Every structure is written in C-alpha cells, then in structure tokens.
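Here are a few friendly notes to read alongside the model. They cover charged side-chain pairs and then the ligand site.

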Amino acid sequence: MSDKIIMVTRSSMPDFEEYCREIKDLWESRWLTNNGTKHGILEKQLEDYFGTPNVTLFTNGHLALENVLEAMDLPKGGEVITTPFTFASTTHAIVRSGLTPVFCDIKRSDYTIDESLIEPLITDKTCAILPVHVYGKVCNVEEIQRIAEKHSLKVIYDAAHTFGVTYKGISTANFGDAAMFSFHATKVFHTIEGGAICCRDDNLARRLCDIKNFGIHGPESTLYIGGNAKMNEFQAAMGICNLRHLDEEIAKRKNVVERYCSRLSGVDGMDLCKDQPYVENNYAYFPVIFNPEKFGSDRDDVFSALAQNNIMARKYFYPLTSAFECYHGRFEPQKTPIALRLSQRVLTLPLYSDLELDCVDRICDIVLRCKKQ
Ligand SMILES: *Cc1c(COP(=O)(O)O)cnc(C)c1O
C-alpha cells in the first residue's frame, strides 16, 4: 500500500468565505426555497451562459429528467430509443415514467448513440429519442434532429456530462426539444445536488415550473399531479459561487487530461477517447478502453492493480443498464454488442481539477506496468 487514497473524483468547492458571503442574506430573508432570490439569479446566469431561452432548475438531474418526460405528455407504454451505455438514471427515468426503453447500440469512435441504427428501431409506438452525450462527447445532433423531424419524435438529451461543452460554438443545452443537466457534486459544475432542463418552448418551461412544485400553478389552481423537485437556496448559492470559477475549473481539468494523454497515448491495446471536430471539451471524464489481446492485461486487472495502490478508478459504465439485475429478463444486452464490449473494457481514471500531476504520473506508471509485452 502506498500514499494517500485517490478517488475517481473529488468535488470542487469555492472558498468557505465566498460561500458564507453568498448565503448570508438567507438569514435575513428567511426565504430558503420555492423560487427564492438565489434560484432566480442562478437561472438567469445559466440562461446567459448556455445562450438558451429557458433554464428550469431542479433538486437533481434525475428528477429533472423524470419531470420533463412527464411534462411532454408522452403516451403511456410509448417506446423511447436510448442507449444502455450510461448511468442508471437515464434508463430508470424512462421506465419510472411508464415508458419502454428501446436500446440502440453506440459508436466505437465516441461511445454516443449510433445514429445509423436509430431508424430501424422506430415502430408505431416510438415517441421519443433519449440520447446521452456520454463523457462529454456530443452525439450527432444534426442527424438525430433530422430523424426526429421525419418521424415526429421528441428528442430529449441527457446532457449530464456536458456542462461547458459546445458544438460549433453552441452549448449542448440548445439541441433537441429539451436537454437535462446534472449539477451533482461530482460533475464539472455542481450545486451539491441539482439539475436543470433547458428548452426553447416557453410552454414546456412553464409546465416544468408547475410540475416540480406539486403541479401548483397559482394559489387556488393546481393543474398537474406533480411531485416535489425544487432546488433550494443553499444549492443555488453553491451554483452561483461555482459558476464564477468555472473557466478555471475546466482549465485545471484540461491540464490533468493533457498529462494523461502525454503519458498514455499511442500505447498498444489502450484506446483513449479522441477529440471531436467542432467540439469544445469540458474534460469531465478520462475513459480508457483496454483491449486484453493487445495489452496483455484486461480492464479488471488494471482496476485491481490501481486499487492495490489506493487508487479508485471506476468501471463507468459497467454493467450496461440493460443488464441490471432489476431489469432481469426484460432486455437483451447482447443486442447492443459494441456497448456490451466497451462496458467490459472501459475504465475511467481519476480526474478532478485539483488532481496533482505527480498523482497522474503515479497512476500512469501503475497502468503501464500492467502491460504485458
Ligand atoms: C449524474 C448523471 C445523471 C443524474 O444526475 P443526478 O443529478 O445525480 O440526479 C443522469 N445521467 C447521467 C449520464 C449522469 O452522469
């Protein structure tokens, strides 16, 4: 065993004093949640940052996704074309909304949904496409839009990994009918727990505001059978502070990623995720695909070697959501063979803004030592 433990991620935080200054007014106003001042400020700041007309804040990204599926009034039992190579939330949100996920395979090149395989999956029950900008890689938004328009389908992006990512200069908040962001503590930008839906449709945004607050539209008017998914003032205050430091956060992550790349690119049997054309990266994750035939060791060997040295990498995303125990017998993971194979070979290495380059070197040394000639 050596040195201090390195987790796969570590939350960034503003200075203690900065956060205290931000929350001080709350002791005066005693307005702690329900569309408070901080909530209003953060929504406005995010609309400006994303360049999008409507940002609706939520207590977390998952409920944002469930709420937008509800607000779109998709038919019960409707099919939603999505990817199994994602966090539990994406698939669970579909199922918990009474909809049926239909899994589409992903591309080897960037792990996002393979747009060329979407159309054959469309049936008369298909109502939406829910792709994931996985690891911050942007889906083929143009082709997905074309398919959606041709078949009158809604598009909801799980953009949880893409805070700060732009494609052709446009934030991923602006693609599809709606985009969901997660502001969980482990994300590039966070509000402790939190999330948002970005959409162009003002009516959809208004419905979301009501649905996240029990469906209450006014003092004597309740329009929807909504739940409670509101962001509180302490979360919003954390967001206001973190947004001030976002550029610095991304720049520091970039440094870490560049160090990883300089040490690990070109190694036989290890595939690193390539930059995409026209995409401004946010350096959210550092996934590595290990090909055991060429590398000599498999993903699990590398995972264990790191763990023995107190370094906690993550098998993210393994297993596929379609292979979860809770879905036993419902889906067939082997129908998305590329996703299945990548899930068995992927390891995400530790990445956060304060990760020291010495630690990156230590991690790379251990990974490279796993390579058998
Ligand atoms: C983090 C995450 C979510 C869920 O967000 P929470 O804010 O944790 O509820 C959904 N999808 C993906 C891909 C995520 O990484």
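**Notes on salt bridges and the ligand site**

1. E332 is a good place to start: its relative accessibility is 44%, which counts as partly exposed (buried is under 20% relative accessible area, exposed over 50%, partly exposed in between, with a 1.4 Å probe and protein chains only). Its salt-bridge partner is K335, with the closest N and O atoms 3.3 Å apart; a salt bridge here is a side-chain nitrogen of Lys or Arg within 4 Å of a carboxyl oxygen of Asp or Glu. K335 itself is exposed, at 61%. Elsewhere, E18, E22, D25, K38 and R244 are joined into one network by salt bridges that share partners.

2. A word on how to read the numbers: this is a predicted model, in which local features need pLDDT of at least 70 and side-chain atom pairs count only at pLDDT 80 or more, while totals for chains, interfaces and linings use all residues. Residues are numbered from 1 along each chain as its sequence is written, and side-chain values use heavy atoms, leaving out hydrogens and water.

3. How many salt bridges does a search of the whole structure find? The total is 24. One of them pairs R146 with E119 at 3.6 Å, N to O. This pair links distant parts of the chain, 27 residues apart: R146 belongs to helix α6 (residues 141-151), and E119 to the loop between β3 (100-103) and β4 (126-130). (Helices, H or I of at least four residues, and strands, E of at least two, are DSSP runs numbered from the N terminus.) R146 is partly exposed at 38%, and E119 is partly exposed at 25%.

4. Now look at R253 and E249, whose side chains meet in a salt bridge at 2.9 Å, N to O. Both lie in helix α9 (residues 246-264), 4 residues apart, or about one turn of the helix. Are these two buried or exposed? R253 is buried, with a relative accessible area of 2%, and E249 is buried as well, at 8%.

5. Turning to the ligand, a polar side-chain atom of H161 lies 2.7 Å from one of its oxygen atoms. S182 also places a polar side-chain atom 2.7 Å from a ligand oxygen. From G61, a polar backbone atom is 2.8 Å from an oxygen atom of the ligand. Taken alone, the ligand exposes 380 Å², of which the protein buries 94% (accessible areas come from the Shrake-Rupley method with a 1.4 Å probe; for residues, only the protein chains shown count as cover).

Methods. A polar contact is a pair of N or O atoms within 3.5 Å; within protein, one must be able to donate a hydrogen and the other to accept it, and residues adjacent in sequence count only if both atoms are side-chain atoms.
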